[in-house]
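Reader: Hello! Could you take me through one part of this model closely, and then place it in its wider setting?

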Amino acid sequence: SNLSFFWLSFWLCWNYSWSISCFFFRIFPACIVTFRISTTTIKLSALFGFFHDDAIHWIGAKSLSQGHYRLFANPFDPPLVNYPIGYSLFLAPLAGLFFSYPEFGQAASLILSVIGIFLIWKLSAALLPSPWGYFFALWYGLHPIVIRYASTVLSDPLFLVFSLAIFWLCG
């Protein structure tokens, strides 16, 4: 159903005049749709930790809030050498305050994904004619893979936001 919605929006943007499609498909509705579908995904997705990396980032964030970077969920307490510290450092304030509620980490990833959609729109609107900025933001924001993983605690949304913000600020 997410894929059919994506193709419907693509077809409408392609077949109708740009003024009509841009009126109905602004960047804000794309963010709202992505936010709504992703919040539903948070409620209906697999258990937290299903992808393993999301749990490791959350545990690393809690560990950093306690002053070290170790896998405290393991009885041997090994250091987390396989995972970079950046995303766990970003999540450390949330994990320190709300460790029992990993939904806060999922919400942070979701907010970063919506910010990424906004930055894609800003960059493409600055570099391309007006309708194409909306098209690329919608294309990214309504993509089924983006919608599925927007609420997963992975470092990709933070990397996307930082990369696009640097391009936007330098351009």
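Is P157 buried or exposed, and why?

Author: Happy to help! Please keep in mind that this is a predicted model. P157 counts as buried, because its relative accessibility is 9%, and the cut-off for buried is under 20%. Its place in the chain is helix 9, which covers residues 156-170. Along the sequence, P157 and S109 are 48 residues apart, yet their C-alpha atoms are separated by 6.2 Å.

P157 also takes us to the largest pocket, as it is one of the residues that line it. The space in this pocket comes to about 190 Å³. Going along the sequence, its lining is made up of S113, Y140, I145, V146, Y149, A150, L154, D156, P157, F159 and L160. Sorted by class, that lining has 9 nonpolar residues, 1 polar residue and 1 charged residue. The charged one is D156 and the polar one is S113. Two helices, helix 8 and helix 9, each supply at least two residues of the lining. Helix 9, where P157 sits, gives the most, with 4 residues.

For the part played by helix 8, V146 is a good residue to look at. Helix 8 runs over residues 144-149, and V146 is found there. Like P157, V146 lines the largest pocket. V146 counts as buried because its relative accessibility is 14%, again with under 20% as the cut-off. V146 can also be paired with S113, another residue of the lining: from C-alpha to C-alpha the two are 8.1 Å apart in space, with their positions 33 residues apart in sequence.

Now for the wider setting. The chain has 9 helices and 0 strands, so that, by the DSSP runs used here, the elements read α-α-α-α-α-α-α-α-α from the N terminus on. Of its 171 residues, 40% count as buried, P157 and V146 among them.

Elsewhere, the surface offers a contrast. L97, F98, Y101 and F104 form a nonpolar patch there, and together they have about 430 Å² of accessible area. L97 belongs to helix 5, which spans residues 86-98. L97 is exposed because its relative accessible area is 68%, and exposed means over 50%.

S65 gives you a case in between. You will find S65 in helix 4, which covers residues 53-65. S65 is partly exposed because its relative accessible area is 36%, a value between the cut-offs of 20% and 50%. S65 and L91 are 26 residues apart along the chain, and 9.2 Å separates their C-alpha atoms.

To come back to your residue: P157 is a buried residue of helix 9 that helps line the largest pocket.

Definitions and conventions: Residues are numbered from 1 along each chain as its sequence is written. This is a predicted model: local features need pLDDT of at least 70, side-chain atom pairs count only at pLDDT 80 or more; totals for chains, interfaces and linings use all residues. Side-chain values use heavy atoms; hydrogens and water are left out. Buried means under 20% relative accessible area, exposed over 50%, partly exposed in between (1.4 Å probe, protein chains only). On a 1 Å grid over the protein atoms alone, a cavity is a set of points where a 1.4 Å probe fits but cannot get out, and a pocket is an open set with protein on both sides within 12 Å along at least five of seven lines; lining residues have an atom within 4 Å of a point. Grid points are joined across faces, edges and corners, and a volume is the space filled by probe spheres set on the points. Patches are made of residues with over 30% relative accessible area and no salt bridge: like charges are joined within 9 Å, nonpolar side chains (Val, Leu, Ile, Met, Phe, Trp, Tyr) within 5 Å. Accessible areas come from the Shrake-Rupley method with a 1.4 Å probe; for residues, only the protein chains shown count as cover. A salt bridge is a side-chain nitrogen of Lys or Arg within 4 Å of a carboxyl oxygen of Asp or Glu.
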